[in-house]
Amino acid sequence: MAQEILDILVPYHIDMRRIEVDSRVGCLYIGFDDIAFKDLTQLLADIRRLRGVTDVKTVHYTPSEREQHALHTLLEALPDGVVAVDLKGIVTMATHQAAQDLGVALEALLGQSLSQFITSIVFERLGWATLEGGVTKRVRLKGQLLLLEMRPFYVSNENAQQVCAGGVVHIRSAQRLGRQTSSLRKAPDAEHALQGFFNPSLTKSAAIKRCLAFAKAYVVNDSPMLLTGEFAVGKKRLLEAIFQYWQQQYLEHAAVLEFVAAASLTPELLSYQLQSGGWLAINDVELLSDDCQQYLIDWLKDQPSRLYQMEAPSRVIGLSRLGDAALRQQDHLRDELYFMLSAFQLFVPPLRERKEDLQGLCLEILQEASERFNEPTVGVSKDALAVLKMHYWPGNLKELESCLYQARQVTKNGVIEAQDLPLQSADSMSIELVEGSLDKTVKAYEAEVLRKLYPQYPSTRKLAKFLNVSHSSIANKLKEYGIV
């Protein structure tokens, strides 16, 4: 049938580019350039008259052409370059990124020996069939460090045997690898941003549970907000999570969250920010100048009439390290603006009020550190955790992160012990010999430890479970030391 079809094409002077047969579905595909509609109609009629032909249709591409287009599109979408060569090292396919890495135009790369551009490897003598598991090689081209991941590819011969036909070279640069790793680390998961804060290991304390309940409620609220909390308690991160969750819920992907310093704002700059759309977060809102406060007061009063205008931002959020009482007592922030921003209040608790979450926070920080530095994950011993829970944490999450980062460099066995922690706090316990007796000294130290731990585990059963001792033993000690 293929021969009969080819005979029909001859009078039409058709330049055929390919012919394919798919015996599974009984189709024969012929690829050629467009011809006049009149000739095409006659050609289709001639083919239909052939014995065994049930139907004739026109398609844009043959199956192999569609597959090649899809493969090429996929390879071009990769952040790194890809080159395919035959057994003689001649480039048969390449992406634009690969050509850019090699410092040559794509047209000049195709059909040439790859050894011309990567002179440290003789590709025509590489012996692709022997590289079944692939091989990786570092090279430097034009001052750039590149990682070549080379692997052979196979085709089926007439006996259905897999025969090596060449190789594929994946060109990865150290610079791109660093950017990709950094982006992966920092890229927000918009769909689960706020839900990530509800990790059970991070939300054992009543203080953080209350905070997150209010945070989730704010997603459906369109009022201004006053977000308060001490230094490094995670105000910015929480607000970013709320914003991302709001974006996903309401499909507001064009909106942006902008953080600005109150002390740097002028009325003109504030006006520009308010007209830019999105969410405007003002850091240290109590430091706004009088002119900016008046402008913001007037703008907030005008919001109901501007609610449906395109330029109106969705939210205005004031951030402050001062607590609610301190904000009201200081003279600089006007009462009128304070009460406008306080239409919705959200307080992020300090670390000392959420010590039940310390274990989960430690594991999260250490996991992120292991991914960042590409090193094995480090654990935290029970003794070290007890020391962490007795610390006051004036620097909150930033201090905890710095403490763990230093401890993970000191520890020798993959688990942070109490002696690895660089904690020197004013409320740390000093050990002095009591009445010249070791027994009395140990008991005094034990009493002090239990006195500090009991508020974090306010029942004998919880404390016994944490310390891995019997319930009756802890109950007797708490009674002996007058703690309960």
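These notebook entries record what I looked up in a predicted model, namely the setting of one serine and the enclosed space in the protein.

**Entry 1: Ser115**

I first located Ser115, which lies in the loop between helix H5 (106-109) and strand E5 (135-141). I then asked whether Ser115 is buried or exposed. Its relative accessible area is 14%; I therefore record Ser115 as buried, since the term applies to values under 20%.

Next I looked up the polar partners of the Ser115 side chain. The side chain of Ser115 reaches the backbone oxygen of Ile121 at 3.2 Å. A polar contact also joins the side chain of Ser115 to that of Glu124, at 2.9 Å. Setting aside neighbours within four places in sequence, I noted Ser115 in contact with Ile121, Val122, Phe123 and Glu124.

**Entry 2: the cavity**

I turned to enclosed space. Rolling a probe the size of a water molecule over the atoms reveals where empty space remains. How many cavities of 30 Å³ or more are there? The count is 1, and I noted a volume of about 180 Å³ for the largest cavity.

Which residues are closest to the centre of the largest cavity? Of the 16 lining residues, they are Phe197, Ile208, Arg237, Arg354 and Leu397. Helix H7 (206-218), helix H8 (235-250) and helix H14 (358-373) are the elements that each give two or more residues to this lining. H7 supplies the largest share, with 3 residues.

Lastly I sorted the lining of the largest cavity by class. I recorded 10 nonpolar, 3 polar and 3 charged residues.

Notes: Residues numbered from 1 in each chain as written. Predicted model: local features only at pLDDT ≥ 70, side-chain atom pairs only at ≥ 80, totals over all residues. Heavy atoms only, no water. Helix = DSSP H or I, 4+ residues; strand = E, 2+ residues; numbered from the N terminus. Buried < 20%, exposed > 50% of the residue type's maximum accessible area, 1.4 Å probe, protein only. Polar contact = N/O pair within 3.5 Å; in protein donor to acceptor, adjacent residues only side chain to side chain. Contact = heavy atoms within 4.5 Å. 1 Å grid on protein atoms, 1.4 Å probe; cavity = no way out; pocket = protein on both sides within 12 Å on 5 of 7 lines; lining within 4 Å. Points joined across faces, edges and corners; volume = space filled by probe spheres on them. Nonpolar A, V, L, I, M, F, W, Y, C, P; charged D, E, K, R; others polar.
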